[in-house]
Amino acid sequence: MQRYLPEPAYRHGSPALTAVLLINLGTPAEPTTKAVRSYLREFLSDPRVVEIPRLLWWLILNGIVLNVRPRRSAEKYAAVWTPEGSPLKVHVDRQSRLLRGFLGQAGHRVLVDYAMRYGQPSIAATLSRLKGDGYTRILLLPLYPQYAASTTATAVDAVGTWLQGIRNQPEIRIVRSFADYPGYIEALAASVREHWFSHGRPTSSYRLVMSFHGLPRYTLDKGDPYHCECHKSGRLLAEALGLGQEYYQICFQSRFGRAEWLQPYTSATLKALGKRGLQRVDVICPGFPADCLETLEEIAIEGKAEFLQAGGKEYLYIPCLNERDDWIRALANLAASHLQGWPTLTAPDPASLELGALRARARGAPS
């Protein structure tokens, strides 16, 4: 049995090439019960995601979860699906293309691609393609601002599994997290300021709700830094906005199962604020750099209904960073800081310069 994947033909004198690989969680291929079941099977079978005894979880997953959840989830995916496909995949694809443009403007001659931890394009297939195309240096940039074993670590696990089957391994670097990265915090703050400019900034009876993805409580007890990094990001965002503690709330969404998760829960928080008759809440999801099911359906739709039905007056959702110029610029600076020492700097890419000129003309700025 062959232990290693076949190596591409060696080309003497070929320059060493560098790639930046964005990694996100993943998405079903279609908003159908069958596609969602396939996606959830891969996702929920990961021992990093569900840390309970394997046999017990196998029985629960295959006996209950995969027979009940896919249909419900498919209906939710259908509510946010776009003509181009899954919102998450659409945004990550655009982010990768824009990031290459920003890095090219800065003179970095690199390829930028993306992969999904679950679903397609897979990490293994994407890395194999990059290696086959001659990329010998790869910077991994998981799009999880706050580190968690069930997100960042499992993406790195997938890369490690792929590396085990490679004879001539590429050089790998990893961006572990960027919970307090100034460019990321400022892009979040700018998105809130623009929202306030459009909708007004309330001075009383108001909360900015910062909703992060939840994790089981035991992850914190076992040493996962995710909870602390979420609170740090939230505190830094509030400071950048000049918000006192009485005007913002950090909470956690997407609870699954009956076990205790990180608290306070977003759903319970929104209901409680609604019962108090709060005039307005603005909700932002700082842990999601791209809109997806959890933001567009769970927060923008379900969260709004919960707040208003409980007695709240006005509920506004602030979109994720998606393709904002300031966010992609921050991502480019973050990547560039981790590319140091690799010979990527050359003359700026003409195509990237043209992209920048077109963007500047669209904003009315001189090119």
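This is a short walk through one predicted model, starting with a sheet and ending with some backbone details.

I'll begin with the sheet. Four strands make it up, in the order 6-5-7-8, and the sheet is open with parallel pairing. Strand 6 and strand 8, residues 314-317, are the edge strands, each pairing on one side only. From one strand to the next, the twist averages 25°. As general background, strands of a sheet pair through backbone hydrogen bonds, either parallel or antiparallel.

Now strand 5, which covers residues 206-213. How many of its eight residues are buried? Seven of the eight are, and the strand is mostly covered. Strand 5 pairs with strand 6, residues 248-253, in the parallel sense over six bridges. If you want to find that pairing on the screen, look for Val209, which stands opposite Gln249 in strand 6. Further along, His213 stands opposite Gln253 in strand 6. Strand 5 also pairs with strand 7, residues 280-284, again in the parallel sense, over five bridges. There, Tyr206 has Arg280 of strand 7 as its bridge partner.

Next, the helices that meet these strands. Helix 9, residues 266-275, lies across strand 5, strand 6, strand 7 and strand 8, and runs at about 140° to strand 6. Helix 10, residues 293-309, packs on the sheet and touches strand 5, strand 6, strand 7 and strand 8. The direction of helix 10 makes about 175° with that of strand 8.

There is also a helix pair to look at. Two packed helices are described by the angle between their axes and the distance between the axes. For helix 6, residues 182-199, and helix 8, residues 226-241, the axes come within 9 Å and cross at roughly 50°. Helix 6 and helix 8 are therefore oblique to each other. Their crossing is right-handed. On the helix 6 side, the residues that meet helix 8 include Tyr184, Leu188, Val192 and Trp196. On the helix 8 side, Leu236, Leu237 and Leu241 are among those involved.

Now the backbone details. Most residues other than glycine have a negative phi, and most peptide bonds are trans. Which residues does a cis bond join in the loop before helix 9? Gln263 and Pro264 are joined by a cis peptide bond, with omega about 5°, and Pro264 lies in the loop between strand 6 and helix 9. A cis peptide bond also joins Gln120 and Pro121, with omega about -5°. Pro121 is in the loop between strand 2, residues 111-118, and helix 4, residues 123-132.

On phi, Ser205 has a positive value near 50° and is not a glycine. Ser205 sits in the loop between helix 6 and strand 5 and is partly exposed, at 27% relative accessible area. Asn322 also is not a glycine and has a positive phi of about 50°. Is Asn322 buried or exposed? Asn322 counts as buried because its relative accessibility is 10%, and buried means under 20%. Asn322 lies in the loop between strand 8 and helix 11, residues 325-339.

Last, Gln169, in the loop between helix 5, residues 149-164, and strand 4, residues 171-174. At 45% relative accessibility, Gln169 counts as partly exposed. Its side chain reaches the backbone oxygen of Leu163 at 2.8 Å. Leaving aside neighbours within four places in sequence, Gln169 is in contact with Leu163 and Gln164.

Notes: Residues are numbered from 1 along each chain as its sequence is written. This is a predicted model: local features need pLDDT of at least 70, side-chain atom pairs count only at pLDDT 80 or more; totals for chains, interfaces and linings use all residues. Side-chain values use heavy atoms; hydrogens and water are left out. Helices (H or I, at least four residues) and strands (E, at least two) are DSSP runs, numbered from the N terminus. Buried means under 20% relative accessible area, exposed over 50%, partly exposed in between (1.4 Å probe, protein chains only). Contact means heavy atoms within 4.5 Å. A polar contact is a pair of N or O atoms within 3.5 Å; within protein, one must be able to donate a hydrogen and the other to accept it, and residues adjacent in sequence count only if both atoms are side-chain atoms. Two strands pair if DSSP finds at least two bridges between them. Axes are lines fitted to C-alpha atoms, for helices over the stretch in contact, and angles run from 0 to 180 degrees between N-to-C directions. Angles under 35 degrees count as roughly parallel, over 145 as roughly antiparallel, 65 to 115 as roughly perpendicular and the rest as oblique. A crossing is left-handed if the near helix is turned anticlockwise from the far one by less than a right angle, and right-handed if clockwise.
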